[in-house]
Structures are given as structure tokens and as C-alpha cells.
Amino acid sequence: MKQFYIKKYEPTDYKLWNDFIGQAKNATFLFHRDFMEYHKDRFVDFSLLIYFNSQLIGIMPANRVEDTVFSHQGLTYGGLVTTDKSKLKTILMAFKEVLYFLNQNAVQKLYLKAIPSIYCNKPSDELLYALFLADAKLVRRDSLAVIDLSQKVVFDRSRKNGIIRGVKNNLEVREENSCNAFWNQVLIPNLKAQHQIEPVHTVQEMEFLKANFPGQIRQFNVYNKDVIVAGATIFETDTVAHCQYLSKFENGKKLGSLDILFQHLIYQVFAHKRYFDFGISNEQNGKLLNDGLSYWKESFGARTIIQDFYEVQTADFEKLTAIFVINN
């Protein structure tokens, strides 16, 4: 234990943290402090920095609620973020030290959202192995609809027919610097009419994030005779174009707006990416599948990638003590 040192994140660690994110093998811009802190008033931050022999080898974005630490409730995914320099043994030992540190700070449980493999620049399943060794409990499993863009992408007949309608209606796809038109004229009215809910992000929050991450947060809108009818907010990482928000408001017409939009995004704008991620079609902690939504995403050629959620007792750090076979 003397070789490891765990500390909570402090504002003075801002540059150190972000520099580490820039070289990590399993990090995206969501872990940048400017992204994490746009909603810092909603969470009690409990992010950690992990040192080994005085060198920063890992970080963990996290927040605390009473005796439980989450990785992080305001983020889509999280966990132990490392670089390619750390080998499996070091990461297993580091996770043990994290659990021990949490236990010593009166934290009973750690709740982890695994980082889907498609968002990692290199293989990064060390944490999943550590969770297995610590007898972590799988508490949720979501299915992401993902297109592998390194393979030939084939839309089904219904999508192709939608594209034909979009062309006949002279629909135009535009990338725009602001999310205002999409939020106020499409997303909010559609969510209110269909589900009586509002977007997770306000338009002010999204405009703030987009201004701070203009290369990673991109807005694409579809217009019919200069009237906005659909749009998508894309979060772009090194390997993935992820559809964070998607909506159409065609006033009862079947214009083919989303088909035209995704033809443009998949075949042109993000064709150089490895993956296109439509996100989940699950509800009730993964126990319920929205079949219609899942089928619609699959009609673009998407197939399933899994994201797991785990709960681990911090007292189980002891289970990671004697796990190595020593070769003579």
C-alpha cells in the first residue's frame, strides 16, 4: 500500500487532470473538468486521482451520495481511467487501493458505469476483471445500437424509401453553430407532445458545452423550405460519433427527414469514424426493451454493444489481496 497514494480531486488539480485525460487510453471529452463541472451544483464531487510511486497513473470521475460513490451520475459512462503504460497487475492493485480508500472514508458501496469498449482507443477491460475478482454485482445492462463503420453499411428498404421521400421534398441538412433552433422548435415541442418530458440538458447548458467543446459537440438540422423539421446533436470522440439528441417535428407529414439526416451523417460527415452510436433503447435499468425504437435503429444497420453497471462493496478490497500466481 505504501507505493500507492489516492487523493480527492481539488480545483488546483484542474490542469493535471485534463492533461491526463488527453493521454488516457479510455477517456473522452466527457471526463474533461469543463464538461463535468457544468452541473457541479447538482453533485457532491468525489473524483479521485491515483498515484503509484509518485506518478499519476489513473483517475476516477465520481460523485458521492451519503455512503455511496458513483462514477459519475452526471456522465454516461465512467470508471477507472488509465493510460497504456499501466499493465493489468498495476490496475488491479490500483482498484484495490481505490476500494480501500473509499472504505476508510466511510463509503460502503461503489457504483460503476463501465465505459463501452467502442469509446476506448485501446483494449481497456482491466476494470471489468477487477470487478469480477471483487465479486461485484451486475445491477444493470443496457444495449447500445451501434454501426461498425469499418464494414459496409446497408440501410433496409424502409430507410431507403425514406431517403427517396426526403429527396423529393428537397430536404436540406445543415450543420449549425447553435442548438437554439433545434431545442426550441423541434426537440422541446416533440418531447412535450409525445412524452410530456423535457430534455436532460437545457438549451443554455448545451450552448455552454458546445462553446467549450466545438469540435466534439456538433449540431445538424434538417430543413424543409427553410423550416426546421428535424435535427441531431452529435457527441464526437476519437472513435465514435454518438447521437446524444435526436428529434423530428414534421407536423404530421412523412418527409423522410431522419432518413436524409442519417444518410448524410453516416455516409459523409462521420464515415471516417470507427463507430456510429445511436445509444440505448432500454428502460427500467435495462430490463425493458423499446422494441420499436430498437428495430428502427437496426434498420440503419446498427447492431448491439453492451454497457454494464456494477455495484461493489468497498469492504471487498481484501478479495484483491492474493490474486497473483508467482512464477519461479
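Here is a working chat about a predicted model, covering a sheet, two buried residues and some aromatic contacts.

Trainee: Let's start with the open sheet of four strands. What's the strand order?

Mentor: The order is S1-S3-S4-S7, and the pairing is antiparallel.

Trainee: Which strands stand at the edges?

Mentor: Strand S1 (4–8) and strand S7 (81–82). Each has a single partner strand, so one side of each is left without a neighbour in the sheet.

Trainee: And how many bridges join S3 to S4?

Mentor: Five, between residues 48–52 of S3 and residues 55–60 of S4. If you want a spot to look at, find Leu-48, which stands opposite Met-60 in S4.

Trainee: Which strands does helix H1 touch?

Mentor: Helix H1, residues 14–23, packs on the sheet and touches S3, S4 and S7. The direction of H1 makes about 85° with that of S4.

Trainee: What about H3, which strands does that one lie across?

Mentor: Helix H3 (residues 88–104) lies across S1, S3, S4 and S7, and runs at about 50° to S1.

Trainee: New topic: Tyr-77. Where is it found?

Mentor: In the loop between strand S6 (68–71) and S7.

Trainee: Buried or exposed?

Mentor: Tyr-77 counts as buried because its relative accessible area is 5%, and the cut-off for buried is under 20%.

Trainee: What is Tyr-77 in contact with, leaving aside neighbours within four places in sequence?

Mentor: Quite a spread along the chain: the contacts include Thr-28, Phe-31, Ser-71, Ile-115, Tyr-119, Thr-237 and Gln-307. With Thr-28 there's also a side-chain polar contact of 2.9 Å.

Trainee: How far apart are Tyr-77 and Phe-317 in space?

Mentor: They're 22 Å apart, C-alpha to C-alpha, with their positions 240 residues apart in sequence.

Trainee: Over to Thr-314. Where is its place?

Mentor: In the segment after strand S17 (303–313). Thr-314 is buried, with a relative accessible area of 0%.

Trainee: Which residues does Thr-314 touch, not counting those up to four places away in sequence?

Mentor: Leu-99, Leu-102, Asn-103, Val-107, Gln-108, Lys-109 and Leu-110.

Trainee: Last thing, aromatics. How many aromatic pairs does the structure hold?

Mentor: There are 27. One aromatic cluster is made up of Phe-155, Phe-262, Tyr-267, Phe-276, Phe-278, Trp-296 and Phe-300.

Trainee: And which ring does the charged end of Arg-140 sit over?

Mentor: That's Phe-309, with 4.2 Å to the ring centre. Arg-33 is another one to check: Arg-33 lies over the face of Tyr-9, at 3.7 Å from the ring centre.

Technical notes
Residues are numbered from 1 along each chain as its sequence is written. This is a predicted model: local features need pLDDT of at least 70, side-chain atom pairs count only at pLDDT 80 or more; totals for chains, interfaces and linings use all residues. Side-chain values use heavy atoms; hydrogens and water are left out. Rings of Phe, Tyr and Trp (its six-membered ring) pair if their centres lie within 6.5 Å; planes under 30 degrees apart count as stacked, over 60 as edge-to-face and the rest as tilted. A charge sits over a ring if NZ of Lys or CZ of Arg is within 6 Å of the ring centre and within 35 degrees of the ring normal. Helices (H or I, at least four residues) and strands (E, at least two) are DSSP runs, numbered from the N terminus. Buried means under 20% relative accessible area, exposed over 50%, partly exposed in between (1.4 Å probe, protein chains only). Contact means heavy atoms within 4.5 Å. Two strands pair if DSSP finds at least two bridges between them. Axes are lines fitted to C-alpha atoms, for helices over the stretch in contact, and angles run from 0 to 180 degrees between N-to-C directions. A polar contact is a pair of N or O atoms within 3.5 Å; within protein, one must be able to donate a hydrogen and the other to accept it, and residues adjacent in sequence count only if both atoms are side-chain atoms.
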